[in-house]
Amino acid sequence: MGAADVLRGNDIGTMVTAAPALYPHMWSWDAAFISIGLAHLGVERAGQEIRTLLAAQWADGMIPHIVYGDRGGYFPGPGRWGTAELSSAAPSAPLTSGICQPPVHAIAVGRILEVARRGSEADRLAGEQLVRDCWDSLYRWHAWLSEYRDPSGTGLIGVVHGWESGMDNSPRWDRPYSAVVPGPDLPSYVRLDRELVRDGAERPTDVEYDRYLWLIEEMRRASYDPAKVYDTCSFLVADVFVSAIFAVASDVLADLGSDFGAPASEVADLRMWAARSRAAVAASCSPETGLARDFDRRTNTWIDVETLAGFAPLISGGLSPDAERALLDELHGPRWAGHPSLVAKVPPTVSPDSEGFKSREYWRGPQWPVVSWLFGWAHARHGYAAESERLRAETLKLVGDGAFSEYYEPVTGEALGSRKQSWTAAVILDWLD
Ligand code: 9WN
């Protein structure tokens with residue numbers, strides 16, 4: 001089965017589910033990457049994916065992390081969130097979760113436009129229409145992140161749940177999560193993921209899940225009011241990877257805005273947010289390791305845990321040329337993508353040389369093709385064509401088994417997590433172009 005078949009097989013009409021069984025709904029950042037893959041099958045269908053997502057945007061501007069389709073099959077489902085009942089900003093159709101995910105959407109729209117402009121006249125028109133139709137919604141989304149997740153204008157965007165980072169159980173979050181203490185009134189629940197991924201060690205633990213669910217309880221109690229959530233939620237971390245994505249996506253959106261006649265003041269806002277976040281990500285780098293760091297806003301401390309997210313400045317730019325070169329060499333060097341034990345020279349989520357490395361456990365070590373795509377895209381944007389091409393070739397080698405897995409065991413190359421994961425297929429389609 002090829003990448004295109006995976007996307008077609010997961011297409012339920014207006015949305016391509018993130019995966020056939022484990023994730024039978026639309027996820028925000030998955031949808032963005034999926035739309036890039038779809039652009040290679042048809043620009044109209046790619047635009048439809050973005051439109052479906054934006055139709056679920058909250059009245060205040062947030063793009064929710066899950067847009068539920070008609071099927072159940074995933075926990076937590078919409079009933080557990082209760083967003084439509086509790087928040088006047090949340091839509092009641094479609095139903096959504098109450099948190100967000102990394103803002104990669106403008107990057108996706110920019111890439112769809114590039115693909116569209118290389119295609120037929122109809123493709124070009126469809127791509128340009130998509131930009132016109134979604135620019136304002138994406139501006140409001142970036143404005144929401146700036147206003148509610150960085151209210152003091154530091155440049156670092158806060159996340160109130162590990163799920164918002166997209167890297168759910170990364171060791172970056174272990175310390176902030178240790179302060180999330182589920183109350184005795186946490187309503188009981190049954191995990192569905194454990195039935196679908198047979199080896200439990202590939203998924204987060206039950207202790208982690210209790211914390212994930214407890215945060216939802218806290219947010220329900222704040223009625224998903226973003227200012228209240230920011231003030232009260234027991235998990236609040238300034239996420240350096242989300243901030244880097246926000247910076248570069250704001251640039252992309254500003255460029256699209258200038259080309260398509262968006263209001264100058266809004267384009268200027270985006271440029272300011274981009275510059276501020278780029279500088280903040282660069283300034284977060286550890287003097288010892290050179291890696292960028294998250295900042296725990298509840299304890300006011302830097303999180304000195306070495307993970308792939310530390311390479312965030314390679315996404316957003318803004319380092320001195322020497323520092324950037326050093327970070328790039330580190331990413332591709334023997335502690336990370338070039339580690340001698342790896343089957344494919346693709347960055348693992350945690351270095352095999354780190355204490356916290358767990359080769360099969362989700363965001364604690366495995367290689368995620370979608371993250372490699374993001375680094376590859378950023379390398380190309382910042383002028384590192386050879387490194388970009390290396391990530392492409394090595395990731396293609398990794399997914400050569402045709403499983404299109406969610407993530408891979410770096411030392412053996414074994415496919416892990418969900419198979420036929422849509423965003424894996426999507427980035428491969430883009431890379432095969
Ligand atoms: C929770 C869909 C999503 C990705 C995330 C990934 C995983 C969900 C889960 O799957 O998270 O949102 O149930 O584990 O961590 O990045 O968007 O593919």
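User: Is Pro176 buried or exposed in this structure?

Analyst: Start with the general idea: a residue is called buried when its relative accessible area is under 20%, exposed when it is over 50%, and partly exposed in between (1.4 Å probe, protein chains only). Pro176 has a relative accessibility of 4%, so it counts as buried. A word on the ground rules: this is a predicted model, where local features need pLDDT of at least 70 and side-chain atom pairs count only at pLDDT 80 or more, while totals for chains, interfaces and linings use all residues. Residues are numbered from 1 along each chain as its sequence is written, and side-chain values use heavy atoms, with hydrogens and water left out.

User: How do I read the confidence, and which helices have the lowest and the highest mean pLDDT?

Analyst: pLDDT is the predictor's confidence in each residue, on a scale from 0 to 100. Here the chain average is 97, and 100% of the residues score at least 70. Helices (H or I, at least four residues) and strands (E, at least two) are DSSP runs numbered from the N terminus. Among these elements, helix α10 (residues 193–196) has the lowest mean, 88, and helix α13 (residues 240–259) the highest, 99.

User: Back to Pro176: which residues is it in contact with?

Analyst: Contact means heavy atoms within 4.5 Å. Pro176 belongs to helix α9 (residues 174–178). If you set aside neighbours within four places in sequence, its contacts are Phe235, Val237, Asp296 and Ile303. Val237 is worth remembering, as it turns up again in the sheet: it stands opposite Val159.

User: Then let's look at that sheet. In what order do its strands run?

Analyst: Two strands pair if DSSP finds at least two bridges between them. Here 4 strands make an open sheet, ordered β3-β4-β5-β6, with antiparallel pairing. β3 (157–159) and β6 (301–303) are the edge strands, each pairing on one side only. Neighbouring strands are turned by 35° against each other on average, direction ignored. As a close-up, β3 and strand β4 (residues 237–239) are joined by 3 bridges in the antiparallel sense.

User: Which helix packs on the sheet, and at what angle to β4?

Analyst: For directions, axes are lines fitted to C-alpha atoms, for helices over the stretch in contact, and angles run from 0 to 180 degrees between N-to-C directions. Helix α13 packs on the sheet, touching β3, β4 and β5 (294–296), and its direction makes about 45° with that of β4.

User: How can I tell which face of helix α18 is buried?

Analyst: An α-helix has 3.6 residues a turn, so residues three or four places apart point the same way. In α18 the buried residues are Glu387, Ser388, Leu391, Glu394, Thr395 and Leu398. Seen down the axis, they fall within an arc of 135°, so they line one face of the helix; the arc is that of the directions from the helix axis to the C-beta atoms. Ala385 and Ala386, on the other side, are exposed. The buried residues pack against α16 (321–332), α17 (369–381), β7 (407–408) and α19 (422–432).

User: Which buried charged residues could I look at, such as Glu164?

Analyst: Glu164, in helix α8 (residues 162–165), is buried at a relative accessible area of 1%. Apart from residues up to four places away in sequence, it touches several others, including Arg149, Gly158, Val159 and Val242. Arg111 lies in helix α6 (residues 105–117) and is buried too, at 12%. Its contacts beyond four places in sequence are Ile36, His40, Arg118, Asp430 and Asp433.

User: Where are the cis peptide bonds that involve Pro76 and Pro94?

Analyst: Look at omega. The bond joining Phe75 and Pro76 is cis, with omega about 0°, and Pro76 sits in the loop between β2 (66–67) and α4 (78–81). The bond from Ala93 to Pro94 is cis as well, with omega near 0°; Pro94 is in the loop between α5 (83–86) and α6.

User: And what is phi at Tyr224 and Tyr362?

Analyst: Tyr224 has a phi near 60°, a positive value in a residue other than glycine. It is in the loop between α11 (206–221) and α12 (226–232) and is buried at 4% relative accessibility. For Tyr362, in the loop between α16 and α17, phi is positive too, near 55°. Tyr362 is also buried, at 4%.
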